[in-house]
Amino acid sequence: MQGFGLSGRFLFLEVAVAMTVMSDAVRASENQGADAGTLVAVVAGDPERLEVSPSQFKLSGPRQKLQLIVTGYYSDGRVQDLTGVAGFSTSNADVAVCTGGVVRPKADGVTSITVRAGEREAEVRIDVVGQGEPQPVSFQYGTLVALSKQGCNSGACHGSPSGKGGFRLSLRAFDSKLDEYTLLREEFGRRTDPMDPEKSLLLLKPLMKVSHGGGLKMNTHDPAYAVLRDWISEGCQTDAPGAPTCVGIRVTPGENRVLTRPAHTQQVSVLAEFTNGSVRDVTDLAVYSTSDTEVADVTKGGLVIGQERGEVAVIVRYLEFIESTILTFVKDIDDYEWQPQPTNNYIDTLVHAKLQKLRYLPSDLCTDEEFLRRVCLDITGSLPSIEDARQFLADPSGDKRTELVNQLLERPDYGKFWTLKWGDLLRLTKGQVGEDGVHKYHRWIERAVSSNMPYNEFAHQLLTASGSTLENPAANFYRTAKDMNDCVETVSQIFLGARLQCAKCHNHPFERWTQDNYYGMGAFFNRVQRKKTRRSDEIFVWSADSGDVTQPRTGQTMKPWVPVAGTVSELNDIDRRTSFADWLTSAENPFFAKIEVNRIWSHLLGRGIVDPVDDFRESNPPSNAPLLDALAKDFIDHGFDRMHMIRTIVNSRTYQMSHRPNDFNRDDTKYFSHYWPRLLTAEQMLDAICHVTGIEETFEALPAGIKATHLPAPDLVNHEFLKVFGQPERQTVCQCERASESNLGMAIQFLNGPLIHSKVRDGNNRFRLLVNSGQSDEQIVSTLNFAALSRPPTDDEIDAEIQHMAAKQEQLENENIRLHAEIEVASQTLTEVKTKLREKVFETRLLTVPEEIRADVKVALTTAEGARSDVQAYLADKLGSLHLVTDEQLMKELVEEDQKVLTDAESSVTKLQASVLSPEDIRIMGIEDICWVLLNRNEFLFNH
Amino acid sequence: MQRFNLISSPVFAVRMISRVLVVVFAVCLVLARSAFGQPSLTGVTPQGLLPGQAVQVTVRGENLAPPIRLWAPGAIAIEEIKVAEDGKSLTCRMTADAGSPIRVVGLLAANASGVSDPILMMVDDLGSVADNGSNHSITEAQSVTASTSVDGVFDGPESDFYLVRLNLGQRIAVEAVVQRLASSLDPILRLLDTHGNEIAIADDNLGVGADCRLTFQAHAEGEYLIELRDNRYRQGGKYRLRIGDFPVFTSPYPLGGRLGATTQFQFTGCQSDEALSLIKRLPTNLVEDRLAISVKRQDGVSSAMSQIAVSNLPERIEIEPNDQSEVATSVTVPCAVSGVLNSQKDVDYFEFALAKGQRIDCVGDSRRYGSPSLVFMQLFDAQGGSVAQTSVNDADDAQLSYTAPDNGIYQLAVRDLIYRGGESFAYRVAVRSGADYSLTLKHADKTTCRYPVSRADRAIGLTVSVQRRGYSGPIRLVTSEPNDAFTLYNQNIPSGTNELRMFAVLAADTEEGEFWALRFVGIAQVDGREVRRAVMTEATVRSTVPQLAYAYPWQDGLFTVGVTGAADPFFGMTCEPAEHILVRGGQLQIPLKLERKNEEFKGSVSVFAEQLPESCQAEIKSDKDIYTVTVSCREDAPENDASLRLVMIGEHSGRTQTFVQDVVLQIVPPESTTVAKDSVQNAD
């Protein structure tokens, strides 16, 4: 994918070099340091239609100007931004002039701008007024906007909570009062010098004419420079009370525009609307970014430059106003040709439409084996049983996949597994909800999921839960969300897909969420109270009759507020949460259903349509908005039925596509042209290992047979394997807490971790029982393959595995031969040691014989029986026992040092003998290898 | 110059921590010493007593050395106590009165080692069987009848299964009595078919806290399974699983009745179609403020247990509709009002007149009697303005007090704290008017009501706290029933005083192993009427058995005293001479010297003078270890010999020791003083 991206970029540069016409915007971009210096607009060609936006405009005052957007529509359906290549002329240059699409006023009057591209022309009427009237720079909409444009008040610079270098601005100008104080009064106003504006520190520092820790941040030809200089020279005025305020911005182009290479640029214009009805072009002062810089970059001047295939949101920010526009960049692919694709349901239709638009081709369907494993893991969290796998694969019916899905959704494992996911989100831990509460809350969720409680009801019950956390476990939601701030952040992240933490202290720097919004939402939850009761471990959740939220910055009492609808005046007279929950779960809520279907989609396809799933924002648009809309509509139409959504998604061809990419979708990571393999989760992995080996895991005080995917909470059991594989501690409501990346610890667990080792070596594991039941190697290996991969081994695989076992057998038998040889040597050594030691014992025993006959006795007893004299025979008869030393006697009569010598020699032989493997052991060890290899295969480790 | 902060200095902190640790260690030692060797009860089999039938009971425990006495509250006879040789079990025959309501009772033991805490058991009209211990799967389920109680033990991760056969249409109720028997475990009940499919589940039912119950009517003849386990899969806790035809309801209604009145009780939240009713004549006098009741279904065999509040207050029931202030139910205070919050958001209004300066104290109750309501009250004046409301805190009992600034009509609004409602949501608010008081044990959650008393010490000390509500006069403490074994000292709580250390001294002839269960009540003349209030100890019960959300009526206010063997005195007194001459109209000073026999005893002692003739008075002062008893005698005192008994009580390391010194006073006329002195000197 990376390589493709680079080659695409090089191609684009080659094309770009051949072009010569540069727009003002591009020049500006170049000057501002963007990498667009060699970029040029496209050749106008022969558009069928020419459109200029706006078609008429009034320039009020000498500071106003207007960015025109010229669009060419071609007969083949293509669209090009011609702003950079169109010709502009004015009917009255005394009134206004137009250069590179930017109209500037000269004097009051009316003029017409003629725009030409190819053979087409279009006219724009321009009214110019107020040129003789002074137009002082607005503090709010000039000075602060200019500082924002240059990034002076960004979080990394002076917008950080403590500022930088003793100069603190509010983050992205969200607190104009603070900025007013800082700029005008702090440090005795030494940052500005109206007498000599260009000597003001406010200008000298970013220009690096005075040392500036942030480096060069501005040039004198930047629009922001002129604004700041003029504001200073005008005496650093603040806005008069009653001055018009901005109510919103409009971005052009507004529709989702598809741009086909080489037409890979799009100029953006921004108009700000004010309370007095006036409209100002703020294109040069707005701040731009894109949702995916791999797909497109944007210059400071608002020129979007496509890089790769894909869809991108261009985010435009003007003070707290944020708007976005979606642009799609495509290019022709060699040999690419869209083929009509079969569809199972609307999901496929919408996914295919996106793929076709972006010149991708979907992969083929996955095999039955892949589908079986995938869908079992996704719906129940577990691998299919061998019996289920064999039955499914042998089933010839055409609708067996659909039938399997229906069966899986009926299984208890479905509810338990999806409860695990909700447990993560709801921070279900013993530490958060108590020892009794954790089981009750878990059971409540499990029953809600298993019984397919409509999602809106589920959310409503959670959000409005009151009473005992033990009698009504849903009330534990407010045990984990401990205060108003926690409630706002938890609710918004789980149910609105918005991460609001930063809005607690200031307006969200990248989103529409403001600090007022945060505390407005908090007004719904501020009255939630928690009290203890006589029952230990019980908390009683209730809502007080009073308790307003005060915005900490403004001191204002906040009225309850929800997105889209705004301030809510008609509130539930008893519990404000009810009003919020009613709004949240209504079918009209544009967020609620989308968040959940996106989460379900993400669980099933490995990536959300919006990803991360809890980060819905303008700057993170859905990769397929129509699909997300359709899913949400379907969800709502079916009464927020989660099972229906799961069924619909897994029955789609999109879900059932192979994980193997084709030549035309290899670089796709966002548009679901092929299935995205992913590592099994910690709990899935452990259950899968238990399944393959047939050895259940035990979890401390929990019942035998409970699966890891059924655990109520991570802190109920301390399981090293689960921790290593990313089991979350559930300290946050973010799905991201569950680690999905592989790491060294995981590898070590599979190489020689105690868990796998103990299960593979367990005397009662699956393959040992099969060996004991008399099954053949082929049968056992086939069973293990079925258990691990949900499919029979291929002929090649079984050959390789049997060959491995044979090789292992040969290796071990050779080892046995070597051992036998060693045993022979060691035995011989042992015999020699014993002989020597017996002699020692004999010598010791001889000491008990009178000294005068000792030598004769020794000779008699060491002389062969037939060679003895009569005397010797007599001595041998009477004292023969002196020379007979049994093994038992030997050990008893040796001195300690010699005992050790003997023990070592015997031990050496024993050890060697114990190392000799029986034929059964040799066979088992071969199978152990196969089992271990299967557990280490990617096909086992990944849901694919 | 830097200022040195002593508090934050590390040296100071270390010293403080060290001192605290020493104190904590010392306290632990004291507690350990006082608990060491006392009898304790760990189990009783069976856990149920059939009313009117003698039941052979085996009690397990420690330090049950004979002779041992057993005690149970109410009408339960205990006979034929036989202690095993190892002192770890005993058997006895227990008989609860026929007609006793089914309820939870306690059994405790006392011997020369002290007194045990009570172990809880039931008076139950369902016969007992034992959990066989091997019923951990559906296939191994233990067969039981549909009318039985199983005494069992939770087996951790493994459930206990019971198999019961039911006829078509037969209705059974199943109830796990667990935390109500002081087990800390939290039961979950499931009813299954024989394939293991769940028919019903019960966990934390309204009204019974952690315990649970369910009812089921068999839709087919056959066998059904009852599964029981702990919520957290813990093991070792005891349970009593009741299976029978008893009714299942949340609470009686009304929740209380007036002493001496005949009251008809309905039962809310019934899990059956039939209406339950109980007509009961309440006792005219009761020390406890609650009464156990039980009720059966019509033609039923087994009973459900419950309890009601009892008081002298007139009982009033809401008259529906009273959910608006315009239709408030009129009552006269003082009274107790009962109602049911029939639906969500229901608010019940009661209207009454108050005179200027009249004070009312409202106490709402519900959960104690099984109702799920959490009472919240608000008081409105005639203009509809809110003048007082319940302060929500960690206690379940809602309270509200108000003194009317003027004559007027007021309305009390009662609702559930979170506006729940339904037929189960009954409540009772006791609206007391005028001066009153109540008594509790001070620091009840940190103290004990179980007193092992050495025969040498013969005394207990307890600090009583007074909660006064408009009454500032004196209160006299007595035992609830006349009790010759005890003499109370310092039993009069003076006017305006809210705390008193009282001593109860046992008679001198007390013997080891003797035992008393007693209550203390206060008696005061309030507004011309005698008001008796018991010293309540619920906080002590709950600190000992936290899983009991509410103490049983017999527990609340119960003090147990057992006489143990001798102990070394930690103080003594010398009083010489033992005979004194007291001149009529004069004074006499008798010096007493405190002897500290245990060097760790640093405290003072309380000295009480008694048996003085009416014409004499004694005053006691102390200077370090010298106590001086000044006896004054009126001029008209009769001339004779009188005795003065000095009772000295000291407290040390959890012990309360008594020392008695009798002094002979020879009351003489003034003119005989010299002669008398001479005669005394001559006698010496």
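**Exercise 1.** In this predicted model, decide whether A:R577 counts as buried or exposed, then find its salt-bridge partner.

*Solution.* Start with the accessibility of A:R577, which is 0%. Buried means under 20% relative accessible area, so A:R577 counts as buried. Next, look for the partner: A:R577 forms a salt bridge with A:D575, and their closest N and O atoms are 2.7 Å apart. Finally, check A:D575 in the same way: its relative accessible area is 8%, so A:D575 is buried.

**Exercise 2.** Work out where the two ends of the salt bridge between A:D388 and A:R411 sit in the chain.

*Solution.* First, the contact: the side chains of A:D388 and A:R411 meet with an N to O distance of 3.1 Å. This pair links distant parts of the chain, 23 residues apart. A:D388 lies in helix 9 (residues 386-394) of chain A, while A:R411 lies in the loop between helix 10 (400-410) and helix 11 (412-425). Then the surroundings: A:D388 is partly exposed at 24%, and A:R411 is partly exposed at 30%.

**Exercise 3.** Which elements hold the two residues of the pair B:E198 and A:R447?

*Solution.* Begin with the salt bridge itself, where the side chains of B:E198 and A:R447 meet at 2.6 Å, N to O. The pair crosses between chains, from strand 16 (residues 198-202) of chain B to helix 13 (residues 435-450) of chain A. For accessibility, B:E198 is partly exposed at 32%, and A:R447 is partly exposed at 36%.

**Exercise 4.** How many salt bridges does the structure hold over all chains?

*Solution.* The total is 105. Some residues join into a network of salt bridges, among them B:D124, B:E175 and B:R240.

Notes. Residues numbered from 1 in each chain as written. Chains lettered and ligands numbered in written order. Predicted model: local features only at pLDDT ≥ 70, side-chain atom pairs only at ≥ 80, totals over all residues. Heavy atoms only, no water. Salt bridge = Lys/Arg side-chain N within 4 Å of Asp/Glu carboxyl O. Helix = DSSP H or I, 4+ residues; strand = E, 2+ residues; numbered from the N terminus. Buried < 20%, exposed > 50% of the residue type's maximum accessible area, 1.4 Å probe, protein only.
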